[in-house]
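User: I'm new to this one and would like a walk through its main contacts and sheets. Can we take it step by step?

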Amino acid sequence: MNTPKYYFSRRTALKSAGAAALTTTVACGGSPKPVRAQNQSDVLVIGAGLSGLGAAHVLQEQGLNVQVIEGRDRVGGRILSLRDIPGNPEAGGNGIGAGYGRVIDAAERFGAKLNNIIPRTPYILSRELWLEGKMIPKDAWPDHPRNVFDGPYKEMMPWAFVPIYLIQNMELESFEDWCDPKSGPLDIPVHDWFRSKGVTDEQINLAYNINSDFGNSSYDVSALMLMFVYNWGNMQRLIEPRATYAAEGGNQSIPEGMAAALNNEVHLNRKVVGITADASGAEAVCDDGTVYRAKRIVCSIPFTVLRTIKIEPGLSGVQARAVQTLGTQLLTQTHIVPKEPFWEEDGMPVGMFSDNVLGNVMAQHFAPDPKELTSITCWHRGWKAQQVDQLPEEDAKRMVYDAFVKQRPAAEGKIEVAGFKSWHNDPFSSGDWAVWEPGQIKDFIIKMHQPHGNLHFCGEHTSLSNRGMEGAMESGERVAFEVLDAL
Amino acid sequence: MHSKSFSRRSALATGVAAAAAASHVRPLRAQNRADVLVIGAGLSGLNAAMLLEEQGFNVQVIEGRERIGGRLFSLHHIPGSPEAGGNTIGTGYGRMIDILQRLDIPHMNVMPRGMKFPYELYMDGEHITGEQWKSHHKNIMPDEFKALPPWILGPVLLGQTNRLDSFEDWYDPKSAQHDISVYEVLKGLGLNDAQISLAFEFNISYGTSAHDVSALMMWFNDGWINSMRDGGPVQWAAVGGNMNIPEAMAATLNNEIHLGREVAGIRSDNSGAEVVCHDGTVYRADFVVCSIPMPILRYVGFDPFLPGPQAKAIRTVPYFPMTQVHFTAKEPFWEADGNSPDMWTDTVAGHVIGNMHNVDNDDITSFTAWARGFTAVRLDQLDREEAQAWVISEIERIRPAAKGKIEAHYIKSWVRDPFAGGDYAIWGPGQVSEFINEVGKPHGRIHFCGEHTALSNRGMEGAMESGERAAFDILSAA
């Protein structure tokens with residue numbers, strides 16, 4: 001692959017900013033250690049997703065004995081490539097932007113081959129609007145009675161409104177300003193922000209709440225989070241508009257490569273139920289009775305799960321409130337494999353932006369030839385995810401199948417539901433990415449990931465300058481520096 | 001009948017007589033055509049339907065589930081028919097007591113059931129008696145509260161801090177200043193985070209943490225419960241299960257309830273209203289009474305579009321996560337180890353209570369493990385079988401005498417019920433003042449009811465109150 005022009009190397013960062021801290025810590029903490037008792041390490045990392053694995057590598061490189069434990073029976077966390085489905089579609093982290101310096105670096109170092117997936121993008125993004133079971137072709141939309149938009153927005157499809165409007169009315173100069181207290185006035189429901197600009201309830205509903213990209217509705221996500229998201233996303237495009245990457249064989253190859261390169265094998269199926277962190281060290285207890293001891297613990301567990309884990313001494317104040325209340329994205333996917341090209345029969349594009357439970361239906365083109373359709377993914381977001389999550393998995397799949405063939409009768413008998421992933425009903429994530437509810441950014445973004453005694457926090461929810469996979473890597477790096485400073 | 005009860009009939013006789021007289025007998029309707037279509041055959045919908053029928057309206061009730069009763073759900077396949085939903089009827093539940101009497105539904109005082117066994121705790125696998133708890137190292141409460149069991153702490157502390165003169169003031173806009181989190185109130189008493197967590201969040205009764213529940217809701221609840229004190233130690237339940245109550249109500253209706261009608265969308269214009277179901281059935285009516293709980297209303301389409309605070313409430317008000325595992329004992333394990341059958345645990349089994357549902361004795365008929373808040377969320381993530389097995393294994397772990405002696409029969413998650421989405425509305429800080437006077441407002445010809453729209457009562461009585469209010473609104477509008 002071509003190395004992208006601009007990216008921030010984790011190694012560069014270590015050389016510059018962290019150098020002073022590292023020299024001292026290596027001297028006292030990195031010297032050869034005596035043989036440890038079983039399950040005793042310098043640092044215990046909880047969670048073998050990108051953030052935990054990234055932290056483990058930085059710490060290991062500095063000579064520390066690091067043990068990673070993972071609750072699931074696989075590594076990768078919220079990167080999950082569905083390898084039994086043609087094209088290996090992603091149930092979790094998807095495209096790697098050109099500015100994802102740490103992720104790209106990790107892929108290179110740990111043997112995951114990245115491909116530029118820009119050629120497949122137009123096929124994946126091709127879709128039509130479906131309201132109340134009927135397709136509204138793009139050329140009919142500007143004059144359609146359901147089109148409640150004004151002016152130039154009347155010519156756009158509803159899904160284009162939010163990104164375009166937010167970029168046009170961007171109130172953050174730099175995306176990193178989102179955690180600056182001066183941005184506090186933007187920490188309101190994005191619904192209220194739109195209304196303050198004259199966007200009507202009906203327009204917001206159509207643009208935001210049919211398939212909410214972030215948050216579960218326009219009411220429960222902070223405008224400030226969205227300003228950050230779109231400002232940061234725009235920056236990714238500015239870095240290199242012609243490159244977005246994905247790992248060959250699925251993005252899960254990246255955490256797998258990282259895990260394989262650790263000195264100590266990752267212990268799977270270790271579900272943490274309690275963490276004790278006091279002056280003498282830290283200890284994690286798993287539900288199978290295993291106990292791990294370390295000088296410091298790095299915890300990448302999402303707050304939605306951390307809130308069910310006993311921490312001693314208990315968290316307090318803002319940090320406790322953050323752990324208890326930080327929001328999460330409801331996201332469930334149904335993966336469909338077509339047995340015959342039903343879209344040739346009914347003559348309509350596979351992709352559908354639909355107001356029913358199907359949500360955002362995307363044709364996946366993950367084969368070497370970008371024209372080839374490999375599978376179809378229905379993204380059920382927000383309350384649509386809740387609607388399918390309520391049902392037993394088999395019933396949920398049936399509900400999606402029924403809705404699909406009701407809308408596309410040509411697909412009857414020609415599609416198969418081959419995969420289903422509810423991030424909310426996953427006991428190790430209880431949701432997908434962190435969603436900042438109105439007021440939460442100014443309330444706790446700075447304080448929530450402060451170390452708690454010998455317990456340190458990472459995970460995408462604790463990142464400040466990046467999102468998604470790169471945010472996870474950033475947080476792993478930050479927490480590793482924190483631990484090195486402390487040891 | 002209890003003196004406090006409010007007679008539905010006397011209200012009809014006074015307030016709405018004029019409107020009622022105007023609603024003369026209508027011509028015969030086409031199929032699926034009614035004067036009023038009621039969505040939901042729980043207490044609120046049924047009460048609205050009965051009142052409107054009495055006034056001469058042709059009312060059709062439709063229900064999404066294959067049974068009536070909504071969040072009243074008696075498990076008839078388990079000895080004693082334990083309740084998965086609404087449990088007991090307090091002395092101030094005037095409308096409920098009125099229905100029990102009017103429809104001759106056999107009922108009994110179940111208050112003595114709750115007083116038979118001492119309370120005992122199980123924390124970190126350790127069995128702690130009530131006596132031991134008073135001086136136990138895990139009892140970190142200030143001295144004056146050490147003698148109280150954990151589940152009494154929340155009610156006592158919120159009772160002591162109650163700033164409402166009358167519980168009905170909770171929906172008065174002037175009370176907005178008190179619409180703050182329970183955490184803030186308890187912090188104001190000088191309690192630390194660990195104490196607040198023990199007092200309010202351990203097997204939580206409302207919400208998921210002290211941060212996300214409005215003190216205003218809790219003070220309303222406190223005042224409302226206190227108002228029933230002078231009724232004496234009486235709590236009613238229908239003999240054979242509370243689901244007998246909605247069943248008896250349904251039996252009085254002229255039109256049979258249509259079950260299995262899951263609503264997809266509701267239209268309303270000057271000429272009438274139309275309800276479209278997922279199975280393609282269409283109902284037309286002059287008015288619609290919609291008792292669908294808010295988490296489910298999120299998936300229902302409204303035409304015209306539902307705007308403003310009502311739309312926001314529907315999308316944002318959390319509902320209480322509550323999941324129960326019902327089990328029976330093959331042998332009385334509590335006699336084997338000599339401990340109480342009831343257990344207040346820090347496991348996914350939550351609060352385990354022995355049910356005594358026989359009419360003529362106080363034998364334990366079954367057990368219910370109540371998982372609430374995040375504990376319920378954890379169970380809800382698993383398959384039913386897996387979740388049920390986890391609860392049983394946790395009980396057996398902390399209570400060795402129960403090992404092999406207990407058998408699970410049923411798990412009920414209210415969050416994963418596609419017609420409920422949670423047990424009841426939990427008003428978060430700020431949400432009472434923002435929404436409470438909005439959620440019950442009509443939208444065109446659509447009138448809302450359900451416990452989430454009640455102002456002066458909670459639970460079953462709140463549902464009845466809201467059905468009555470919706471019926472009056474329609475009588476006034478018709």
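Analyst: Sure. One term to start with: two residues are in contact if their C-beta atoms, placed from the backbone, lie within 7 Å. Keep in mind that this is a predicted model.

User: With that in hand, how many residues of chain B are in contact with chain A?

Analyst: Let's take both sides of the contact. Chain A brings 24 residues. On the other side, the number from chain B is 26.

User: Which element gives the most to the side of chain A that touches chain B?

Analyst: The elements that give two or more residues to that side are α8 (201-209), α12 (317-325) and α14 (383-389) of chain A. By kind, the residues on this side of chain A split into six nonpolar, 12 polar and six charged. The top contributor, with five residues, is α12(A).

User: Staying in chain A, why is α6(A) called roughly perpendicular to α9(A)?

Analyst: Helix α6 (residues 158-168) of chain A packs against helix α9 (residues 223-239) of chain A, and their axes are 10 Å apart. Angles from 65 to 115 degrees count as roughly perpendicular. The pair earns that label because the angle between them is about 90°.

User: Which residues of α9(A) meet α6(A)?

Analyst: The contact of α6(A) with α9(A) holds six nonpolar residues, one polar and no charged. From α6(A) come Pro163(A), Leu166(A) and Ile167(A). Facing them in α9(A) are Leu226(A), Met227(A), Tyr230(A) and Asn234(A).

User: Over to chain B. Which are the edge strands of the seven-strand sheet?

Analyst: This open sheet has mixed pairing and runs in the order β6-β5-β13-β14-β15-β12-β16 (chain B). An edge strand here pairs on one side only. That gives β6 (126-129) and β16 (406-413) of chain B.

User: What is the bridge partner of Glu120(B) in β6(B)?

Analyst: Strand β5 (residues 120-123) of chain B pairs with β6(B) in the antiparallel sense, over four bridges. Glu120(B) has its bridge partner in β6(B), and that is Thr129(B).

User: And in the three-strand sheet, which residue of β7(B) stands opposite Asn109(B)?

Analyst: That open sheet is antiparallel, in the order β3-β7-β4 (chain B). β4(B) pairs with strand β7 (residues 235-238) of chain B over three bridges. Opposite Asn109(B) stands Trp236(B).

User: Last one: how many residues does domain 2 of chain B give to the contact with domain 1?

Analyst: The domain assignment gives domain 1 of chain B as 3-71 + 241-316 + 428-477, and domain 2 as 148-231. Domain 1 puts in 13 residues. Domain 2 gives 16 residues.

Technical notes. Residues are numbered from 1 along each chain as its sequence is written. Chains are lettered from A and ligands numbered from 1 in the order in which they are written. This is a predicted model: local features need pLDDT of at least 70, side-chain atom pairs count only at pLDDT 80 or more; totals for chains, interfaces and linings use all residues. Two strands pair if DSSP finds at least two bridges between them. Domain bounds come from an automatic or database domain assignment. Ala, Val, Leu, Ile, Met, Phe, Trp, Tyr, Cys and Pro count as nonpolar, Asp, Glu, Lys and Arg as charged, and the others, Gly among them, as polar. Axes are lines fitted to C-alpha atoms, for helices over the stretch in contact, and angles run from 0 to 180 degrees between N-to-C directions. Angles under 35 degrees count as roughly parallel, over 145 as roughly antiparallel, 65 to 115 as roughly perpendicular and the rest as oblique.
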